[in-house]
Amino acid sequence: GHEWRQFGNPLRQRPVSSIYLPADMRERVLKDIQEFLSSQEWYIERGVPYRRGYLFYGEPGSGKTSFIHALAGAIGYNICVVNLSEKTWTDDRLQYLFANCP
């Protein structure tokens with residue numbers, strides 16, 4: 001079956017400031033994440049699902065993955081990777097995996 005498992009070795013934390021993106025963009029995203037992480041009670045009180053998503057786009061090598069790694073390090077989170085091209089995935093299985101991220 002499909003389950004979460006470690007892939008590769010842990011990476012050294014990279015400072016968000018080392019990512020080549022406009023500084024205001026880096027800081028806006030990081031501030032939004034920090035505000036979201038401190039607002040769980042607001043979501044619970046209103047019955048709103050507590051989740052946040054970001055879509056980063058750009059040419060290969062433009063810093064998307066590096067930015068994600070730096071953001072995860074800045075807030076002390078791990079990164080989970082899912083290969084969505086796996087032909088055996090079902091909606092139920094994906095939902096289960098996301099609900100049980102390490």
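Biologist: Is E45 buried or exposed?

Modeller: In this predicted model, E45 is exposed, with a relative accessible area of 57%. The cut-off for exposed is over 50%, so E45 falls in that class.

Biologist: Which residue forms a salt bridge with E45?

Modeller: The partner is R46, and the closest N and O atoms of the pair are 3.5 Å apart. R46 counts as partly exposed, at 45% relative accessibility.

Biologist: How many salt bridges does the structure hold?

Modeller: There are four salt bridges. Among them is the one between R46 and E45.

Biologist: Which residue does D32 meet in a salt bridge?

Modeller: The side chain of D32 meets that of R52, at 3.0 Å from N to O. This pair links distant parts of the chain, with the two positions 20 residues apart in numbering. D32 lies in helix α1, whereas R52 lies in the loop between α2 (40-46) and α3.

Biologist: What is the relative accessible area of D32? And what about R52?

Modeller: D32 has a relative accessible area of 23% and is partly exposed. R52 also counts as partly exposed, at 39% relative accessibility.

Biologist: Where do K31 and E35 lie?

Modeller: Both residues lie in helix α1, four residues apart, which is about one turn of the helix. Their side chains meet in a salt bridge, with an N to O distance of 3.7 Å. E35 is partly exposed, its relative accessible area being 42%.

Biologist: Changing topic to the helices. At what angle do α1 and α3 pack?

Modeller: Helix α1, residues 23-37, and helix α3, residues 64-75, pack at an angle of about 40°. Their axes are 11 Å apart.

Biologist: Why are they described as oblique to each other?

Modeller: Angles under 35 degrees count as roughly parallel, and 65 to 115 as roughly perpendicular. The angle of α1 and α3 is about 40°, and the two helices are therefore oblique to each other.

Biologist: Is the crossing of α1 and α3 left-handed or right-handed?

Modeller: The crossing of these two helices is right-handed.

Biologist: Which residues make the contact?

Modeller: From α1, the contact is made by R26, V29, L30, I33 and L37. From α3, the residues are F67, L71, A74 and I75.

Biologist: How do the residues of that contact divide into nonpolar, polar and charged?

Modeller: The contact of α1 with α3 has eight nonpolar residues, no polar ones and one charged. The charged residue is R26 of α1, since Arg counts as charged.

Terms used. Residues are numbered from 1 along each chain as its sequence is written. This is a predicted model: local features need pLDDT of at least 70, side-chain atom pairs count only at pLDDT 80 or more; totals for chains, interfaces and linings use all residues. Side-chain values use heavy atoms; hydrogens and water are left out. Axes are lines fitted to C-alpha atoms, for helices over the stretch in contact, and angles run from 0 to 180 degrees between N-to-C directions. Angles under 35 degrees count as roughly parallel, over 145 as roughly antiparallel, 65 to 115 as roughly perpendicular and the rest as oblique. A crossing is left-handed if the near helix is turned anticlockwise from the far one by less than a right angle, and right-handed if clockwise. Contact means heavy atoms within 4.5 Å. Buried means under 20% relative accessible area, exposed over 50%, partly exposed in between (1.4 Å probe, protein chains only).
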